[in-house]
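Q: Please take a close look at one part of this model, the sheet with mixed pairing, and set it in the context of the elements around it. I would like a connected account rather than a list.

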Amino acid sequence: MQPQSVATASMVPLFETISVSKAFGVFKALSDISFSVSEGEFVSIVGPNGAGKTTLVNVVTGLLRPTAGEVRFLGRDIAGIGPVELARLGMSRAFQLVNIFPALTVRETLAVAIASRLRRVSNPFRSLKRDGVLQADAERVAEVLGLRSKLENVASTLSQGEKKLLDIASAFALNPTIILLDEPTSGVSTADKHAIMEVLVAAAKAAGVRAIVQVEHDMDLVERYSHRIVALQAGSLLADMTPAAFFADPAMTAAVVGTRPRL
């Protein structure tokens, strides 16, 4: 199956890192990383444990400031800007660990993200009860992520797959231009992984998301959904290539996955 596009591709990058390095004392976690993401792309960041994937995404999303280099989004230097301000500019992140509030309903969880986007942060729950905009937006986001029937369910009662979708929905509720996903199907059964990815890609198209970047270790998902693969090894850029080229190279797959590609 050919990878699905979230929009019409453009050569102008929405986002790019330029010679980004990150050191923690004497340890260099990232070294001279440059890559870009253009409109319509689904880019997967892969690599073995310790390759620097999480550090790169933390730098990209403003949780960490690079030691050297630039991070640019829509032409603006966003290095160290922080995830809250970055979300307001149009880049949001869903994390590997489900970051929901277990005692809140799906509707209330989405309201927190929507209220943040609208800068109604003093009491989003009070606003939810009286604000038609918040109500309508929570229902819109739940609809595109397949959670409409779960709006009044308490988050802790959801299945693991539904919890992952709720975490992703909270990122979608920020109306991002680009969404970054950290292991979007981790902890989910093999049978549910492709279902979640299909919902995610369809939701991105429906919501007008212009590009998706994911950190992923499941090579089946990487091969099926990516337009490009950015491979890291020991903090350095190992490759930036199409899935076809990546999976046709036994040395590349062995370096990243530790095994030879499927025959």
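A: What follows starts with the chain as a whole, goes through the mixed sheet strand by strand, and then turns to the helices and the other sheet.

The model is predicted, and its chain holds 10 helices and 10 strands. Buried residues account for 49% of the 263 residues in the chain, and 64% of the contacts between residues at least 6 apart in sequence join residues at least 24 apart.

The part in question is an open sheet of 6 strands, in which the order is β6-β7-β8-β3-β9-β10 and the pairing is mixed. Its edge strands are β6 and β10 (236-241), each of which pairs on one side only. Averaged over the sheet and with direction ignored, neighbouring strands are turned by 15° against each other.

Starting from the edge at β6 (residues 91-94), one finds M91 and R93 pointing one way and S92 and A94 the other way, with all of these residues buried. Such a pattern can be read against a general rule: in a regular strand the side chains alternate between the two faces of the sheet. Strand β6 pairs with β7 (residues 178-182) in the parallel sense, over 4 bridges, and within that pairing R93 has L180 of β7 as its bridge partner. On the next step across the sheet, β7 and β8 also pair in the parallel sense, here over 5 bridges, with L181 standing opposite Q214 in β8.

Strand β8 (211-215) deserves a closer look. Its 5 residues are buried, 5 of 5, so β8 is largely enclosed by the rest of the structure. Both of its faces are covered, since A211, V213 and V215 on one side and I212 and Q214 on the other are all buried, a residue counting as buried when its relative accessible area is under 20%. Beyond β8 comes β3 (42-46), and these two strands run parallel, joined by 4 bridges, with I45 opposite V215 in β8.

At the other end of the sheet, β9 (residues 228-233) and β10 pair in the antiparallel sense over 5 bridges, and the bridge partner of Q233 in β10 is S236. Helix α1 (residues 53-60) packs on this sheet, where it touches β3, β6, β7, β8 and β9, and its direction makes about 135° with that of β3. Helix α10 (residues 250-257) in turn lies across β3, β9 and β10, running at about 130° to β10.

Among the other helices, α3, α6 and α7 can be followed through their mutual packing. The axes of α3 (residues 106-117) and α6 (residues 160-172) come within 8 Å and cross at roughly 30°, which makes α3 roughly parallel to α6, angles under 35 degrees being counted in that way. The crossing of α3 with α6 is right-handed, and it brings V106, T109, L110 and A113 of α3 against L166, A169 and S170 of α6. By class, the residues of this contact divide into 5 nonpolar, 2 polar and no charged.

Helix α6 also packs with α7 (residues 190-207), their axes coming within 11 Å and crossing at roughly 20°, which makes α6 roughly parallel to α7. This crossing, too, is right-handed. From α6, the residues G161, K164, L165, I168 and F172 meet I196, V199, L200, A203, A204 and A207 of α7, and the contact of α6 with α7 has 9 nonpolar, 1 polar and 1 charged residues.

A further link to α3 comes from D137, which is found in helix α5 (residues 132-144). At 9% relative accessibility, D137 counts as buried, because that value is under 20%. If residues up to four places away in sequence are left out, D137 touches I114 and R117; its C-alpha is 8.3 Å from that of A111, although the two residues are 26 apart in sequence.

The chain also has an open sheet of 4 strands, with the order β2-β1-β4-β5 and antiparallel pairing. There the edge strands, each pairing on one side only, are β2 (27-38) and β5 (76-77). Strand β1 (residues 13-24) pairs with β2 in the antiparallel sense over 8 bridges, and T17 stands opposite F35 in β2.

Terms used:
Residues are numbered from 1 along each chain as its sequence is written. This is a predicted model: local features need pLDDT of at least 70, side-chain atom pairs count only at pLDDT 80 or more; totals for chains, interfaces and linings use all residues. Side-chain values use heavy atoms; hydrogens and water are left out. Two strands pair if DSSP finds at least two bridges between them. Axes are lines fitted to C-alpha atoms, for helices over the stretch in contact, and angles run from 0 to 180 degrees between N-to-C directions. Angles under 35 degrees count as roughly parallel, over 145 as roughly antiparallel, 65 to 115 as roughly perpendicular and the rest as oblique. A crossing is left-handed if the near helix is turned anticlockwise from the far one by less than a right angle, and right-handed if clockwise. Contact means heavy atoms within 4.5 Å. Ala, Val, Leu, Ile, Met, Phe, Trp, Tyr, Cys and Pro count as nonpolar, Asp, Glu, Lys and Arg as charged, and the others, Gly among them, as polar. Buried means under 20% relative accessible area, exposed over 50%, partly exposed in between (1.4 Å probe, protein chains only).
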